[in-house]
Amino acid sequence: MSEIEIGVSKRGRRVYAFDDVAVVPSRRTRDPENVSVTWQIDAFTFETPIIAAPMDSVVSPATAIAIGKLGGLGVLDLEGLWTRYEDPEPLLAEIRSLPVESATQRMQQIYAEPVKAELIRDRLAEIRSAGVTVAGALSPQRTQQFYETVLAAGVDLFVIRGTTVSAEHVAQQREPLNLKKFIYELDVPVIVGGAATYTAALHLMRTGAAGVLVGFGGGAASTTRVVTGIHAPMATAVADVAGARRDYMDESGGRYVHVIADGGLGTSGDLVKAIACGADAVMLGSTLARASEAPGGGWHWGAEAHHPELPRGHRVQVGTVGSLEEVLYGPATVADGTANLIGALRRSMATTGYSDLKEFQRVEVVVAPYLAD
């Protein structure tokens with residue numbers, strides 16, 4: 001890919017966000033009902049390629065169960081309010097009502113309550129009792145502390161999720177998590193990320209991860225780009241990591257690692273473009289926070305919003321567009337891509353003539369920057 005001269009001493013690669021690209025119809029079309037959107041990772045098969053992000057405004061034990069019954073995967077944040085408080089509902093109501101000027105400081109105070117191992121156990125048991133796939137997420141910093149509790153609770157899929165996760169983290173004050181050794185010793189598939197470059201993703205794939213999350217600072221509630229100056233436009237990031245998957249398959253003799261787009265997915269069109277760029281599935285935050293069952297009640301925030309030292313996100317109002325079922329499967333009563341996500345994905349795949357997700361990864365994509373009126 002060609003580089004652009006920024007100045008005499010610095011060059012940069014031209015990269016693209018989802019708004020910069022578009023999917024192109026082909027010579028073949030098919031009926032939407034003849035399209036398969038099933039997704040399988042390890043021994044687990046899902047009716048949709050939708051993963052609900054481990055964020056308190058998106059996933060509670062109840063919504064994890066509801067998403068599982070609707071054919072997706074809900075990932076519970078094991079460092080969130082549900083594992084810090086016996087009854088988090090009053091805290092959720094307070095967060096929703098906080099004035100803008102004091103929201104960050106008060107959220108820092110609320111999330112200063114320690115995570116409790118017994119609540120991790122109880123919340124995961126609640127999800128398991130409903131008969132859906134059980135998934136929980138920890139940050140790399142907390143994984144060593146709580147992973148035994150998570151495994152003992154019977155988790156099916158384990159997610160290690162941070163703003164960015166590397167296989168070569170350097171620390172002087174503490175022993176960093178050895179991802180390769182850690183994943184090798186676990187009996188459950190691990191999804192790890194985020195990663196935003198070919199090299200970082202390739203290294204994560206070599207740890208034995210079943211899936212790699214792709215994204216950095218692109219979520220609706222993130223201010224990472226403003227605070228740190230770091231950002232990875234998602235169309236290029238997903239395509240780069242998909243390239244790492246291809247090369248890792250050759251290197252490993254055929255081992256397939258799933259690419260999961262995580263961030264910058266505000267509409268059904270973004271979901272479509274993520275898969276077109278090479279993603280196997282998507283992890284959604286704000287998109288699912290708009291469901292009436294979402295614990296954020298029309299508000300959305302992530303862990304970055306209450307970081308004790310350097311907040312890199314904020315609480316945003318996303319509103320409500322319908323029930324969780326309507327957000328995923330319709331019928332949509334709005335025309336802005338926030339409802340009937342799966343219907344839109346089926347329609348796009350049918351319009352371009354592809355029958356399943358892996359085929360759709362081969363669809364033609366063009367650079368077509370979107371200019372808002």
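**Group meeting: a walk through a predicted barrel structure**

Good morning. At the centre of this structure is a closed barrel of eight strands, which runs 6-7-8-9-10-11-12-13 with parallel pairing. On average, and ignoring direction, neighbouring strands of this sheet are turned by 25 degrees against each other. Please keep in mind throughout that this is a predicted model.

Let me take one pair of barrel strands as an example. Strand 7, residues 73–77, pairs in the parallel sense with strand 8, residues 135–138, over three bridges. Within that pair, Val75 has Ala135 of strand 8 as its bridge partner.

Just ahead of strand 8 we come to Thr133, which sits in the loop between helix 4, residues 117–129, and strand 8. What does Thr133 touch, leaving aside its neighbours within four places in sequence? Its contacts are Phe44, Phe46, Leu73, Ile127, Asp156 and Leu157. For Asp156, the separation from Thr133 is 23 residues in sequence and 6.2 Å in space, C-alpha to C-alpha.

The helices come next. Helix 7, residues 198–205, lies across strand 10 (190–195), strand 11 (211–214) and strand 12 (258–262). Relative to strand 10, helix 7 runs at about 165 degrees.

Helix 1 covers residues 61–69, and its buried residues are Pro61, Thr63, Ala64, Ile65 and Ile67. These buried residues pack against strand 6 (50–52), strand 7, helix 4, helix 11 (286–289) and helix 12 (324–329). After helix 1 comes Gly71, with a positive phi near 100 degrees.

I turn now to the interior. In soluble globular proteins, nonpolar side chains tend to be buried together. Here the largest nonpolar core has 103 residues, and Phe158, Met205 and Leu288 have the most contacts inside it. Helix 9, residues 234–252, gives the most to this core, with seven residues. Apart from this core lies another, of 14 residues, which include Ile95, Met107, Trp299 and Ala305.

Which residues are in contact with Leu288, leaving aside its neighbours within four places in sequence? They are Ile50, Ala52, Val58, Ile67, Ala294, Leu324, Val327 and Leu328. Ile67 has already appeared among the buried residues of helix 1.

Away from the barrel strands, there is also a hairpin, formed by strand 1 and strand 2 with two residues between them. Strand 1, residues 3–7, and strand 2, residues 10–13, run antiparallel and are joined by four bridges. In this arrangement Glu5 stands opposite Arg11 of strand 2.

Next, the open and enclosed spaces. The second largest pocket has a volume of about 180 Å³. Its lining consists of Val23, Pro25, Ser268, Gly269, Val272, Lys273, Ala344, Ser348, Thr351 and Thr352. Helix 10 (268–276) and helix 13 (341–352) are the elements that give two or more residues to that lining.

As for enclosed spaces, how many cavities of 30 Å³ or more are there? The count comes to two. The largest cavity has a volume of about 50 Å³, and the residues that line it are Pro54, Met55, Asp56, Asp77, Tyr111, Trp301, Gly302, Ala303 and His306.

Let me now consider the loop between helix 12 and helix 13, where Thr338 lies. Is Thr338 buried or exposed? Thr338 has a relative accessible area of 5%, which is under 20%, and therefore counts as buried. Leaving aside its neighbours within four places in sequence, Thr338 is in contact with Gly266, Arg290, Val321 and Val327.

Asn340 is found in that loop between helix 12 and helix 13 as well. Asn340 counts as partly exposed because its relative accessibility, 21%, falls between the 20% and 50% limits.

I close with the backbone. Most residues other than glycine have a negative phi, and most peptide bonds are trans. Asn340 has a positive phi, near 55 degrees. Asp42, in the loop between strand 4 (39–41) and strand 5 (44–46), also has a positive phi near 55 degrees.

Turning to peptide bonds, a cis bond joins Gly193 and Gly194, with omega about 15 degrees; Gly194 belongs to strand 10. The bond from Gly330 to Pro331 is cis too, with omega near 5 degrees. Pro331 lies in the loop between helix 12 and helix 13. Thank you for your attention.

Technical notes:
Residues are numbered from 1 along each chain as its sequence is written. This is a predicted model: local features need pLDDT of at least 70, side-chain atom pairs count only at pLDDT 80 or more; totals for chains, interfaces and linings use all residues. Side-chain values use heavy atoms; hydrogens and water are left out. Two strands pair if DSSP finds at least two bridges between them. Axes are lines fitted to C-alpha atoms, for helices over the stretch in contact, and angles run from 0 to 180 degrees between N-to-C directions. Contact means heavy atoms within 4.5 Å. A nonpolar core is a set of buried Ala, Val, Leu, Ile, Met, Phe, Trp, Tyr and Cys residues joined through side-chain atoms within 4.5 Å. Buried means under 20% relative accessible area, exposed over 50%, partly exposed in between (1.4 Å probe, protein chains only). On a 1 Å grid over the protein atoms alone, a cavity is a set of points where a 1.4 Å probe fits but cannot get out, and a pocket is an open set with protein on both sides within 12 Å along at least five of seven lines; lining residues have an atom within 4 Å of a point. Grid points are joined across faces, edges and corners, and a volume is the space filled by probe spheres set on the points.
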